[in-house]
Amino acid sequence: MTTLLRRLAGPRSSSWRCLGAALRGAHGSASHLIHRGGARVLAGGGRPLAGRRQHTAAADPLEVDLKRLEGGDDGIVEVLMCQHKARNALGHVFVSQMRELVSTLSSDSSVRVVVFRSLVPKVFCAGADLKERALMNNTESDLFVHGLRSLMTQIASLPVPTIAAMDGVALGGGLELALACDLRTAATSAQMGLIETTRGLLPGAGGSQRLPRMVGITLAKELIFTGRRVGGQTALEMGLVNRAVEQNQTGDAAYREALSLAREILPQAPIAVRMAKEAMNRGVEVDITSAMAIERMCYARVIPTRDRQEGMAAFIEKRPPRYTGE
């Protein structure tokens, strides 16, 4: 994967604030800025991300950014949500930028794990931008929510494992974004819920379908009918999140836990992990006989890989495998 190119409008621009905060929060990963052709570039590659427009003063403010980790964390990519003013609300600009980044990641074979995190303190994603939505007529609102649903499907369809790190509130569409990820970590102090019925709506970006598949239909109905918010520990007990941790002084405990989880995935054979994800995602939607056929097809795709041969050789030679994704 190539690295992210951003033209900066000046030292106080939103892109500088977002990128600077991301770099300060790297927690041991070697990521830094270099100058190239009049632009600032995240070190670790020679070209800007394919398909990413350059950020200028005339462009939309930066609300979603992308960061590649380096060194021992090479292969882990972070999607950074940094719309401080609206608390990462799902407005037109946020959704457009998120869609662009996810599209870039979907075709990048060097990506092993994607972590979705927020740079806004105590917030993962506050859900719909209600001020923006209030200005839409019925048709515009329907089309926008259809676009949100499409974005969540796009995230769910990423071929690599995805982790949502919820260090703060994840409400409505914010929780739906987390539900679209494969795995979720949360601070015990985080609050999450599909609260749409309290606003005269229902979850419309996949939540009414993904939550029942995750926690069971009865519990999902209770949560959606009541619009209840739950904390990180309760979410863990429900099976809504994979890991819940006490919040730390820097407010990023869930992110650190997500990074730890990503580091557990990183050493495994990339093609095998991708095929395992495809087998599970496709198999869970069909009957068991069809699911077994899907598993067989996915298994057949790993048999001829060099990684499978390397895995066998490493086992026989009693050494750690060195996977290349081939």
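**Helix packing and sheet order in the predicted model**

Helices H6 and H7 cross in a right-handed manner, a label given when the near helix is turned clockwise from the far one by less than a right angle, anticlockwise being left-handed. The contact (heavy atoms within 4.5 Å) draws on Gly207, Ser208, Leu211, Pro212 and Val215 from H6, and on Ile217, Leu219, Ala220, Leu223 and Ile224 from H7. By class, these residues comprise 8 nonpolar, 2 polar and no charged; Ala, Val, Leu, Ile, Met, Phe, Trp, Tyr, Cys and Pro count as nonpolar, Asp, Glu, Lys and Arg as charged, and the others, Gly among them, as polar. The axes of H6 (residues 207–215) and H7 (residues 217–226) come within 7 Å, with a crossing angle of roughly 135°. H6 is therefore oblique to H7, given that angles under 35 degrees count as roughly parallel, over 145 as roughly antiparallel, 65 to 115 as roughly perpendicular and the rest as oblique. Axes here are lines fitted to C-alpha atoms, for helices over the stretch in contact, with angles from 0 to 180 degrees between N-to-C directions.

A word on the basis of these values may help. This is a predicted model, in which local features need pLDDT of at least 70 and side-chain atom pairs count only at pLDDT 80 or more, while totals for chains, interfaces and linings use all residues. Residues are numbered from 1 along each chain as its sequence is written, and side-chain values use heavy atoms, leaving out hydrogens and water.

Helices (H or I, at least four residues) and strands (E, at least two) are DSSP runs numbered from the N terminus, and two strands pair if DSSP finds at least two bridges between them. An open sheet of 6 strands follows the order S4-S5-S6-S8-S10-S13, with mixed pairing. S4 (64–68) and S13 (243–245) each have a single partner strand, so one side of each is left without a neighbour in the sheet. S10 (residues 183–187) and S13 run parallel, joined by 3 bridges, and Ala186 stands opposite Ala244 in S13. Helix H2 (residues 92–106) lies across S4, S5 (76–81) and S6 (113–118), at about 25° to S4.

In another open sheet, 4 strands are ordered S7-S9-S11-S12, again with mixed pairing. Here, S9 (residues 169–171) pairs with S11 (residues 191–193) in the parallel sense over 2 bridges, and Leu171 stands opposite Gly193 in S11.

The average pLDDT (the predictor's confidence in each residue, from 0 to 100) is 84, and 82% of the residues score at least 70.
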